[in-house]
Amino acid sequence: MLKNEIFILGVSAAVILGLLIFILLYLVIRKWLEQRMRKKIDECKETLSPQIFEFISEGKASRHLLLDSDIKKKAAEELLTKFTAYLSGEDETEKLRGFADSHLRNYFQQQLRSRRWSIRMNALYHIEDLHLTELQPQVLESAMKEKISHDERVQSLRILAVFQYEGIFDLLLSNSDNLSDGELRNIILRLNDQKFCEFILGFHKAGKQLKYAVVDAAGIRKDLKYVNFIESVYASHDGEERLRAVKALSSLGVVKDLSPYLKLRHSGDWKERMMAAKLFGSLKEPELLPYLLELLHDASWWVRSQAGQSIMLFPDGRKELQLVLETSNDTYAKDMAWEWINKGAFV
């Protein structure tokens, strides 16, 4: 019995050792193949770099400039991405995109159909970087697939926004439940003014996440023509939409009439009181300073902190905080005044 157990243990150990040796050999061979491939790509880049650069800068196509293998296409892909980061001239950029469309369109189409997620994602990133609008149908197909990873869907929608795709509003409307407001905002911010206005006009159709993203984007764009829209959201909505509207107005630093916002300082929701403090600081109207000093004595640390930061934005803000430090009976207000006097305002 003991001999059988020892035999079984010996056989098991030999099998495990054999598997480990096999895995080690596989990893070594794989690494060697990757290094060999990398070396070939780098060699191709050295040959192609001056030829591609000459085409982009002078429009001269060398008769030796042939991308007749996947290695050459991979090398060209890396070179074009590198050149994209450095080119600033419109003419050179257009030539680069034309070269990519002529020589790499089929290559990227094949990558988009790959079974490997990393290859598909890599292709999407390069399509955006090289602004290959000719591949918009394939990107749209990717965005509309039912079985697709979340990252691929988000990246596909980002590209369509960069390309100013005509149906981007309806596409985001149908996908908004599956995306965070941050992801939606990131996509929307890539739209031009004309396309963004479609989201404002269709705001009433949007779900909550998309509404948050549109209001945030209106503030981030810092264009005063969106003040009416943002104020209408504040006036007709409550909860998170209203908070986002106040935040957007704070980013713009403008309101048409102060009175609707003054009541926020007495809100039962600490987040609304905090956003009131932020808005008052961005407006910098002298009559708002007493309200900020009032909010500096709020029960919520977050409200007090924002009030202190906003007070520091006023010309006499440091002096006012020093006065609180010397005269107030509220320990928490004095602590916050001391903190902002010493740290200054970082907005």
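Here is a walk through some salt bridges, one helix and a couple of buried residues in this structure. Keep in mind that the model is predicted.

Let's start with the charged pairs. Searching the whole structure turns up 20 salt bridges. One of them joins Lys195 to Glu166, with 3.5 Å between the closest N and O atoms. This pair ties together distant parts of the chain, since Lys195 belongs to helix α9 (residues 193–201) while Glu166 sits in the loop between α6 (150–162) and α7 (168–175), 29 residues apart. The two ends are in quite unlike settings: Lys195 has 5% relative accessibility, so it counts as buried, whereas Glu166, at 58%, counts as exposed.

Lys195 has another partner to look at. Its side chain also meets that of Glu198 in a salt bridge, at 3.4 Å from N to O. This one is a local affair: both residues lie in helix α9, three residues apart, or about one turn of the helix. That spacing fits a simple rule. An α-helix has 3.6 residues a turn, so residues three or four places apart point the same way. As for exposure, Glu198 comes out as partly exposed, because its relative accessibility is 24% and the partly exposed class runs between 20% and 50%.

Now move along to Arg242, which forms a salt bridge with Glu272, the closest N and O atoms being 2.9 Å apart. Here again distant parts of the chain are linked: Arg242 is in helix α12 (residues 239–252) and Glu272 in helix α14 (residues 270–283), with 30 residues separating them. What about burial? Arg242 has a relative accessible area of 18%, so it is buried, and Glu272 counts as buried too, at 9%. Beyond such pairs, there is also a network: Asp181, Arg185, Asp216, Glu240 and Arg244 are joined into one by salt bridges that share partners.

Next up is helix α6. Does its geometry hold up or fall short? Its 13 residues should span 18 Å at 1.5 Å a residue, and its end C-alpha atoms are 19 Å apart, which agrees. The helix is also largely enclosed by the rest of the structure, because 10 of its 13 residues are buried. Those buried residues run from Glu152, Arg153, Val154, Gln155 and Ser156 on to Leu157, Arg158, Ile159, Leu160 and Ala161. What do they pack against? Their neighbours are α4 (117–129), α5 (136–144), α7 and α8 (181–188). After the helix comes Gln164, which has a positive phi, near 55 degrees.

For a closer look inside α6, pick Ile159, which is placed in that helix. Ile159 is buried, with a relative accessible area of 0%. Leaving aside residues up to four places away in sequence, it touches Leu124, Ile127, Glu128 and Val139. Ile159 also lies 8.2 Å from Gln136, C-alpha to C-alpha, although the two are 23 residues apart in sequence.

Finally, compare that with a polar residue elsewhere, Gln111, which is found in helix α3 (residues 90–112). Gln111 is buried as well, with a relative accessible area of 10%. Not counting residues up to four places away in sequence, its contacts are Glu77, Ile119, Arg120, Asn122 and Ala123.

Definitions and conventions: Residues numbered from 1 in each chain as written. Predicted model: local features only at pLDDT ≥ 70, side-chain atom pairs only at ≥ 80, totals over all residues. Heavy atoms only, no water. Salt bridge = Lys/Arg side-chain N within 4 Å of Asp/Glu carboxyl O. Helix = DSSP H or I, 4+ residues; strand = E, 2+ residues; numbered from the N terminus. Buried < 20%, exposed > 50% of the residue type's maximum accessible area, 1.4 Å probe, protein only. Expected span 1.5 Å × (residues − 1). Contact = heavy atoms within 4.5 Å.
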